[in-house]
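The following exercises examine one protein chain step by step. Please study the sequence and the model before reading each solution.

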Amino acid sequence: MNKKFGIKHVVAIGIGTALFIVLTNVQIPVGFIPNTAMQTRAAVLAFFSAIFGPVVGGAIGLIGHALGDAVFYGSVWWSWVFPDAVFGIIVGLFASKYHVKEGGFGGKQIALFNAAQVVANLLAWVLVAPVLDIVIYAEPANKVFTQGVTAAVLNIVIIGVLGTLLLIAYSKVGAKSGSLSKED
């Protein structure tokens, strides 16, 4: 994996952030936990993090969530913005091991990706988000830990299915398009 940060990464941040913002209102409410829903944007964040690494993943999580909150809800709930950045960073740390760009996103890499996303979701939503909710907004602990656990489980499911499928498809297409060479 190329360790240099370049124009592709800036473009990925822009596209990923735009998709994240647009998908902010695409939610499947769970009904039994307030302000908690299954969101397809989690799969988009995982997808970009897995391909472009921790800087891109962290930036999309931070910028995309903050702007999505501001645009659709009128204010930013920072205790839930930072966990998306944490998630993007953690999943992105293993980007070179997933072999998505090389067309090698197979069984072992799928298992690694899903293990990383489970750990990242648990850290982001069961630890970071509830603690920040308590520290920043003085929210009741039982409420925010219930929301955090629910968000983690919902994200694990949507990323496990949709995120994995996006990466499989990109791996197959990316490997073919990456094998093209310039003719003289």
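For the exercises on the pocket, Ala, Val, Leu, Ile, Met, Phe, Trp, Tyr, Cys and Pro count as nonpolar, Asp, Glu, Lys and Arg as charged, and the others, Gly among them, as polar. The model is predicted, with local features requiring pLDDT of at least 70, side-chain atom pairs counting only at pLDDT 80 or more, and totals for chains, interfaces and linings using all residues. Residues are numbered from 1 along each chain as its sequence is written, and side-chain values use heavy atoms, with hydrogens and water left out.

**Exercise 1. Describe the largest pocket and its lining.**

Step 1. A pocket is an open set of points on a 1 Å grid over the protein atoms alone, where a 1.4 Å probe fits, with protein on both sides within 12 Å along at least five of seven lines; lining residues have an atom within 4 Å of a point. Grid points are joined across faces, edges and corners, and a volume is the space filled by probe spheres set on the points.

Step 2. The volume of the largest pocket is about 590 Å³. Its lining comprises 24 residues, and N35, H65, D69, Y73 and W80 lie nearest the centre.

Step 3. Two or more lining residues come from each of β2 (37-39), α2 (41-52), α3 (54-73), α4 (78-92), α6 (107-137) and α7 (141-178). With 5 residues, α7 gives the most.

Step 4. By class, the lining holds 10 nonpolar, 8 polar and 6 charged residues.

**Exercise 2. Determine the order of the elements along the chain.**

Step 1. Helices (H or I, at least four residues) and strands (E, at least two) are DSSP runs, numbered from the N terminus.

Step 2. The chain has 7 helices and 2 strands, and from the N terminus their order is α-β-β-α-α-α-α-α-α.

**Exercise 3. Is I21 buried or exposed, and which residues does I21 contact?**

Step 1. Buried means under 20% relative accessible area, exposed over 50%, and partly exposed in between (1.4 Å probe, protein chains only).

Step 2. I21 belongs to helix α1 (residues 7-22). Its relative accessible area is 17%, so I21 is buried.

Step 3. Contact means heavy atoms within 4.5 Å. Leaving aside neighbours within four places in sequence, I21 contacts G64, L67, G68 and F72.

Step 4. I21 and H65 are 44 residues apart in sequence, yet their C-alpha atoms are 6.8 Å apart in space.

**Exercise 4. Locate N121 and state which residues N121 touches.**

Step 1. N121 is placed in helix α6.

Step 2. Because its relative accessibility is 1%, N121 counts as buried.

Step 3. Not counting residues up to four places away in sequence, N121 touches F87, V126, A152, N155, I156 and I159.

**Exercise 5. Compare the settings of H99 and A138, each with a positive phi.**

Step 1. Most residues other than glycine have a negative phi.

Step 2. H99 is not a glycine, but has a positive phi of about 60 degrees. H99 sits in the loop between α5 and α6 and counts as partly exposed at 32% relative accessibility.

Step 3. A138 is likewise not a glycine and has a positive phi of about 55 degrees. A138 lies in the loop between α6 and α7, and A138 is exposed, with a relative accessible area of 65%.
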